[in-house]
Amino acid sequence: MPAETSSRTDTPENARAALATVHAMQIAGRRHGVWPRWTRWIELLTTALFLLAFSYGHSPLAMMGAGLAMLAFRFWCVRRFGALARWTRFDSIATLLVIALTLGLASAQWGRAAHFVPLAVIGGWAVSAIALDEMKRRAASKRASAIDLT
Amino acid sequence: MSVPQFDAVIHAPIRLQICALLSPVQHAEFQLVRDQLAVSDSVLSKHLSQLVDADYVVQTRLPFNGRQRMMLSLTKKGRSAFAAHVETLQALASIAAEGG
């Protein structure tokens, strides 16, 4: 591959400006692009662990731990990559399936306590969705300032 | 000070931004790239064709959310070239930091 030098980026200041642009574009890509498949598999795995703990654990602590692990992963994704994977119909179906299974298992296993568990699960999802949305907005404003700087 | 060697294909600002946008993801839509770079379809196509010719980017039509969309992705060769280009930029930027 031929290489060249250029007056556009041959000074350290211009190189830093170019790196800032690269960083801003990477954030934009992570926010709106289609992520590598492995991120989806990890998220599905954590969801499966949550369901497994719910089905076999018979323990509120195990269920809560798995649920928290799942939420922690989603928050980590936002911090690490700038956003969650792009939402698709597949995600909507998977989410509905998880909620339906959770409600069904809660009703079957916990009797009266089931009235409380679904509310907690839905509440957790709602709170995490609001928090994630806020984090995404902050990432977007950060990206906008990075673009202004360049 | 040695003269930095930049990749001729990625060196142009628009093409550098295209590669940066595609680097963390598997695919990105043509429309998304165009909007993020704030360029016209023709300008983006022109720069994309150079990246495609260099075997740095591939364009594919994929069904996404029920519609056929033009998706762009970096090839393995493109990722390596982009990583090397960023390393060169980082090395150059670090000269300023070390110097003062």
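Select chain B and consider its contacts, two residues being in contact if their C-beta atoms, placed from the backbone, lie within 7 Å. Among contacts in chain B between residues at least 6 apart in sequence, 55% join residues at least 24 apart. This is a predicted model, in which local features need pLDDT of at least 70, side-chain atom pairs count only at pLDDT 80 or more, and totals for chains, interfaces and linings use all residues. Residues are numbered from 1 along each chain as its sequence is written, while chains are lettered from A and ligands numbered from 1 in the order in which they are written.

**The two chains**

Colour chain B by secondary structure: four helices and four strands appear, in the order β-α-β-α-α-β-β-α from the N terminus. Helices (H or I, at least four residues) and strands (E, at least two) are DSSP runs, numbered from the N terminus. Of the 100 residues of chain B, 36% count as buried. A residue is buried if 20 or more other C-beta atoms lie within 10 Å of its own, exposed if 12 or fewer, and partly exposed in between.

Turn next to chain A, which has five helices and one strand, running β-α-α-α-α-α from the N terminus. Of its 150 residues, 21% count as buried. Among its contacts between residues at least 6 apart in sequence, 65% join residues at least 24 apart.

**The helix pair between chains**

Select residues 12-32 of chain A and 13-22 of chain B, the α1 helix of each chain. Their axes come within 7 Å and cross at roughly 40°; axes are lines fitted to C-alpha atoms, for helices over the stretch in contact, and angles run from 0 to 180 degrees between N-to-C directions. That angle makes α1(A) oblique to α1(B). Angles under 35 degrees count as roughly parallel, over 145 as roughly antiparallel, 65 to 115 as roughly perpendicular and the rest as oblique.

Display the side chains at this contact. From α1(A), the participants are Ala18(A), Thr21(A), Val22(A), Met25(A), Gln26(A), Ala28(A) and Gly29(A), which meet Leu16(B), Gln17(B), Ala20(B), Leu21(B) and Leu22(B) of α1(B). By class, the residues of this contact are eight nonpolar, four polar and no charged. Here Ala, Val, Leu, Ile, Met, Phe, Trp, Tyr, Cys and Pro count as nonpolar, Asp, Glu, Lys and Arg as charged, and the others, Gly among them, as polar.

Keep α1(B) selected: eight of its 10 residues are buried, including Arg15(B), Ile18(B) and Cys19(B). Centre on Leu21(B), which touches Met25(A), Ala28(A), Gly29(A), Ala28(B), Val33(B) and Gln36(B), not counting residues up to four places away in sequence.

**The nonpolar core**

The largest nonpolar core has 33 residues, and those with the most contacts inside it are Cys19(B), Leu21(B), Leu22(B), Ala28(B) and Val57(B). Such a core is a set of buried Ala, Val, Leu, Ile, Met, Phe, Trp, Tyr and Cys residues joined through C-beta atoms within 7 Å. The greatest share of this core comes from α1(A), with seven residues.

**Two loop residues of chain B**

Move to Ala38(B), in the loop between α2 (30-37) and α3 (41-53). Its phi is near 55°, a positive value in a residue other than glycine. Ala38(B) is exposed, with 9 other C-beta atoms within 10 Å.

Finish at Asp55(B), in the loop between α3 and β3 (57-64). Phi of Asp55(B) is near 65°, again positive in a residue other than glycine. Asp55(B) is partly exposed, with 13 other C-beta atoms within 10 Å.
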